[in-house]
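Please find below a reviewer's note, set out as numbered points for a colleague at the bench. The points take up cysteines, open and closed spaces, and selected residues in turn.

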Amino acid sequence: MTSKSRLQTALEQRERYEHSFDVAGFFRASGDLPALVMHVPTKAEEIRSIMMAYKDAADLSSAAGGAAEEAKRDADLVQELKTINVLWHACRDADDPKRPAFEHPLWMRDNLDSDHLGTLLRLLEECRKHRGPLPWDVDEAQVTAVREGCV
């Protein structure tokens with residue numbers, strides 16, 4: 001077995017990028033809501049989310065009666081469950097970002113609606129935007145430069 005490279009060691013020791021969002025206005029809860037911290041899930045967390053989604057689909061499929069096998073493999077259902085599970089990994093407690101913001105993906109499924117989940121997904125993309133090295137905002141000068149290059 002080879003030893004770890006300096007790069008690998010440095011990457012393992014770095015702090016995980018986190019971005020804080022004020023969600024009080026969106027969730028429209030009475031009283032103050034704490035901020036939500038978001039981080040980009042690791043590939044391992046994404047893979048666990050996929051496995052959790054298939055398990056959830058299998059658990060839910062019994063309600064479909066004779067269509068249980070089709071329900072287990074329903075692409076829309078599995079995609080919705082994947083999204084919830086990925087968001088569960090990404091949404092962190094603002095007071096302790098090592099903890100999930102929600103107790104379980106099932107809680108999210110039972111208590112949040114499609115608009116809430118869609119907003120959380122957009123916040124995750126915003127977190128990616130702030131973390132990443134690529135520009136997200138394109139101005140007229142950049143568009144002109146690309147057009148000139150193509151011509």
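1. Status of the model. The structure under review is a predicted model, and the remarks that follow should be read accordingly.

2. Cysteines. The structure holds zero disulfides. Cys127, for its part, is in no disulfide, and the nearest cysteine sulfur, belonging to Cys91, is 10.0 Å away. A disulfide requires two cysteine sulfur atoms within 2.5 Å, so a sulfur at that separation does not qualify. As to exposure, Cys127 is buried because its relative accessible area is 0%, whereas Cys150 is exposed, with a relative accessible area of 66%.

3. The largest pocket. Its volume is about 280 Å³. The lining consists of 15 residues, and those nearest the centre are Val23, Leu33, Pro34, Ala101 and Phe102. By class, 12 of the lining residues are nonpolar and three are charged, with no polar residue present.

4. The second largest pocket. This pocket contains about 210 Å³ of space. Its lining includes Leu11, Glu12, Arg14, Glu15, Arg16 and Tyr17, together with His39, Val40, Pro41, Thr42 and Arg131. Here the lining residues comprise five charged, four nonpolar and two polar.

5. The cavity. How many cavities of 30 Å³ or more does the structure hold? There is one, and the volume of the largest cavity is about 30 Å³. Its lining is formed by Asp56, Leu81, Ile84, Asn85, Pro105, Leu106 and Arg109. Helix H5 (75-90) and helix H6 (105-111) each contribute at least two of these residues. In terms of class, the lining has four nonpolar residues, two charged and one polar.

6. Glu46. This residue belongs to helix H3, which covers residues 43-61. Is Glu46 buried or exposed? Glu46 is counted as buried because its relative accessible area is 19%, and the limit for that class is under 20%. The side chain of Glu46 makes a polar contact of 2.6 Å with the side chain of Lys43. In an α-helix there are 3.6 residues a turn, so residues three or four places apart point the same way. Beyond its neighbours within four places in sequence, Glu46 is in contact with Pro41 and Arg128. Pro41 also appears in the lining of the second largest pocket.

7. Helix H8. Helix H8 spans residues 140-150 and is hardly covered, since none of its 11 residues is counted as buried. Which residue caps the N-terminal end of H8? Asp139 does so, with a side-chain oxygen 3.2 Å from the backbone nitrogen of Ala141. Cys150, noted above as exposed, lies within the residue range of this helix.

8. Ala35. This residue sits in the loop between helix H2 (24-27) and strand S2 (36-38). Ala35 is partly exposed, with a relative accessible area of 31%. Although Ala35 and Val23 are 12 residues apart in sequence, their C-alpha atoms are 6.2 Å apart in space. When residues up to four places away in sequence are not counted, Ala35 touches Ser20, Phe21 and Ala94. Val23 is itself among the residues nearest the centre of the largest pocket.

Note on methods:
Residues numbered from 1 in each chain as written. Predicted model: local features only at pLDDT ≥ 70, side-chain atom pairs only at ≥ 80, totals over all residues. Heavy atoms only, no water. Buried < 20%, exposed > 50% of the residue type's maximum accessible area, 1.4 Å probe, protein only. 1 Å grid on protein atoms, 1.4 Å probe; cavity = no way out; pocket = protein on both sides within 12 Å on 5 of 7 lines; lining within 4 Å. Points joined across faces, edges and corners; volume = space filled by probe spheres on them. Nonpolar A, V, L, I, M, F, W, Y, C, P; charged D, E, K, R; others polar. Helix = DSSP H or I, 4+ residues; strand = E, 2+ residues; numbered from the N terminus. Polar contact = N/O pair within 3.5 Å; in protein donor to acceptor, adjacent residues only side chain to side chain. Contact = heavy atoms within 4.5 Å.
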